[in-house]
Amino acid sequence: MIGLQPGRLRPFVDVVPVVAGEGPRMAGMRNGRAWWPWLVLLAAVAGVLVLAAVTFAPLTGKDGLQVSANRAQLTGGFVLAAAVPLISVWWWARRRTRELAARAVPAPDALTSAKELLAELVAEQWKDEARLRSLDDPDPIPVRWRTPASSEHTPAIMDHPALIDPTAASTPGGGLWWTASSADIAALTTRFRRTRRRRLVILGGPGAGKTTLAVQLLLHLLATRPQHPGEPVPVLLPIAGWDTERHPRLHDWLTERLLADYPALRAPGLGEDVVRALAARGHLLPVLDGMDELPLPAQAAVIGALNRSLGGEDQLILTSRTAEFTQAVTQAGDVITSAAVLEPRPLDPVAAADHLETCLPPAPGPTWQHTLTSLRHAPPPGQRPPGHPAAALAEVTQTPLGLWLLRAVYLTPRTDPSPLTDPARFPTADALKAHLLDQLVPALITTRPPSGNPADPFRPRRRHDPAKARRWLGYLAHHLTHQPGPAGTGTGTRDLAWWRLAATTRTITPTTRITLALLPTAGELTVELALGSPLGLAFGLPFGLVLGLMGGLFIFATARTWAQDRPGYANLRVRQRTTELLRELAARLVGGLVLGLAVGLAAMLGTDLAGGLATPVKDGLAGALATVLAFGLADGLTQWAQTPAHTRHAQTPMGNWHADRTLNLFRAANSGLMTGLGVGLTVGLLYEPAAGLGFGSTLGLLAGLAVGITDGEHRAWLAYLVATYQLARTRRLPRRLMPFLDDCHRLGLLRAVGPIYQFRHAELHDHLAATYPPPA
């Protein structure tokens, strides 16, 4: 019984799944030949009932018992013989339906529904993230952007102006000159919409505000979509996850990422076919962030893959560091077709001082007034004499990163800003920036005490020791920097995905698997010795030992792949999903009943009928009942829980972790309870009812827990538990890692991109990794 896993069993209801956006052809199938599997099932059940009536009809006669026994043997043989073609029909129908579903064309209504749902999810996701990043508090940093100037000494990184903007050919010189400001994102969005194919590459150095500008564009495009019907939905994704060898076409990778990052798109009525159509038909505007995080050969491959994937109407926004993008274009021998390019200009000291002043109280005090005055009067770059008070400060505030660091560390009550203009303290900009990065973690933790108010997203939920938090973040930065990169291309990544921790730290070793495998055996033996077996020690102890060993073997065999699993999804809200729940349970119970009857008849045939008919009938019914409970109810509940709902909530790293944890706990508890009930009833019917029920239920519960843990394809949370336990034992990470990361996100040390965390800035990541002292 333990060898049959609930997640592997699919009854006839799966023959006709709900296909998202099914066209007229599939609808006709549902109203026509798609009914025949149900007719076959009903005929089979009716046949079993008729055969049972014929079998036990002569029980009232003189030789009724003997005649019924003979008929039972013949009936069982016929039923078992009929099970083979029945299973073959089910398998063929399931395969045929999948083929038809793969060729189904999504209906326009399904595409429209999916598109609007995705727009709502993306808007909610990035509105929350923009608020956490303080992008508009109090105003956006006024970074100026422009198209790069062409030169004979620099390679061309932008396509022909006429392919980008048709009006460029009529301008003097036939060039494209485009200026913009992060403080006027509406004008930039209007200019972007006027380009020929709406493709844009945002370049810049570290901390120049590339991702911030991409997020601003995304939010404004979403906010103004109602005035521009039919526009695609912008979706921001880290491009470092794109393996062009596995997914040569951009649309295939987009489909995979959207299905993984937005579970609501997998809800009934939508699904993979609809999402694939969204990506292939120009309904998406991919905003691909951080191409420079890929190795140089992979960057060149991305440029080639983009040009092959993008059709005439496909839109694109891409961010990258300038030097890396220039090298990639040179190696690829091509630019991105019809894409405009923007580069930032350094912030001048006056603009930086004005922005800092808006972040300060109306009366900041004389020390801050002196600091801002010194910054405003800083000479231009190249004309600053050695030892100028504001030389280092003016250079640091040339980028949005520098302004944010100053704001986080020094724009707090009772903080003295006078060291910022002290050349003896910070003779260079690098020294000042290193100081700001060193003080960032303790400054944010100290100035933002914990709060349990859900309306306050900037306050952590727990109090953390700054030294420990710095060490834990340093380990994560160091670990991400030195782990293998995407698809084995180079080393290092910026993406902190909680489900990859076990794989990258290699904490699930053979010793760990053996330890986990011994737990079910220890539990079964403990129950045997504590409760005492009604089956007798000679039989009960080996019985429990076998159950425990089987569960342990399943854990040992599957734990090797836990670290490779992606997170799953579970929705346990019954409201507005009662019909789906009843449908799943009814379908699985019918399938379990058919299998249970087959098991019961097999038990009857294998029992010596000379001892009387009561024993084999009881054995058969017990086996059938256990099968129905263990595999029908458990499988139906699990499948219902894994069905995504049309939720309007965007996915976050914490939400993704909670969903996978819920799925694993529910699957284990569900399988354990159902298996325990089935085994308990079986043992109770065969032996002493009261003692057998309690004893069998306990053993079945433990065995079912092992089955539930190993069942399915989403065991990422189990791998996370093993990894965090071992890393916390060596003091590399906190025991409750995800709540800690959530607090770091609230503090502004991390940023979230869907279910993935990243450090707020790449320079913060690199600084923490470089200053982390690895333990001996």
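## Why it gets called that

Modeller: Val235 stands opposite Pro286 in E5. This is a predicted model, where local features need pLDDT of at least 70 and side-chain atom pairs count only at pLDDT 80 or more, while totals for chains, interfaces and linings use all residues. Residues are numbered from 1 along each chain as its sequence is written, and side-chain values use heavy atoms, leaving out hydrogens and water.

Colleague: What makes E4 and E5 a pair?

Modeller: Two strands pair if DSSP finds at least two bridges between them. E4 (residues 233–238) and E5 (residues 284–289) have 6 bridges, in the parallel sense, so they qualify. Strands themselves are DSSP runs of E, at least two residues, and helices are runs of H or I, at least four, numbered from the N terminus. The protein chain has 27 helices and 9 strands.

Colleague: What makes E4 "mostly covered"?

Modeller: 6 of its 6 residues are buried, meaning under 20% relative accessible area (exposed is over 50%, partly exposed in between; 1.4 Å probe, protein chains only). Val233, Val235 and Leu237 point one way, Pro234, Leu236 and Pro238 the other. Across the 776 residues of the protein chain, 52% are buried.

Colleague: Why does Thr371 count as buried?

Modeller: Thr371 has 2% relative accessibility, and the cut-off is under 20%, so the label follows. Thr371 sits in helix H13 (residues 366–376).

Colleague: How do you know what Thr371 touches?

Modeller: A contact means heavy atoms within 4.5 Å. Not counting residues up to four places away in sequence, Thr371 touches Leu393, Pro417, Leu420 and Thr421. Thr371 and Leu393 are 9.4 Å apart, C-alpha to C-alpha, but the contact rule looks at heavy atoms, so that distance doesn't rule the contact out.

Colleague: And Arg760, why does it have no salt bridge?

Modeller: A salt bridge needs a side-chain nitrogen of Lys or Arg within 4 Å of a carboxyl oxygen of Asp or Glu. For Arg760, which is buried, the nearest side chain of opposite charge is Glu129, 7.0 Å away, so the test fails. On charges, Lys and Arg are positive, Asp and Glu negative; His and the chain ends aren't counted.

Colleague: What makes Arg760 and Gly748 a polar contact?

Modeller: The side chain of Arg760 reaches the backbone oxygen of Gly748 at 3.4 Å. The limit is 3.5 Å between N or O atoms, one able to donate a hydrogen and the other to accept it within protein (residues adjacent in sequence count only if both atoms are side-chain atoms), so this qualifies.
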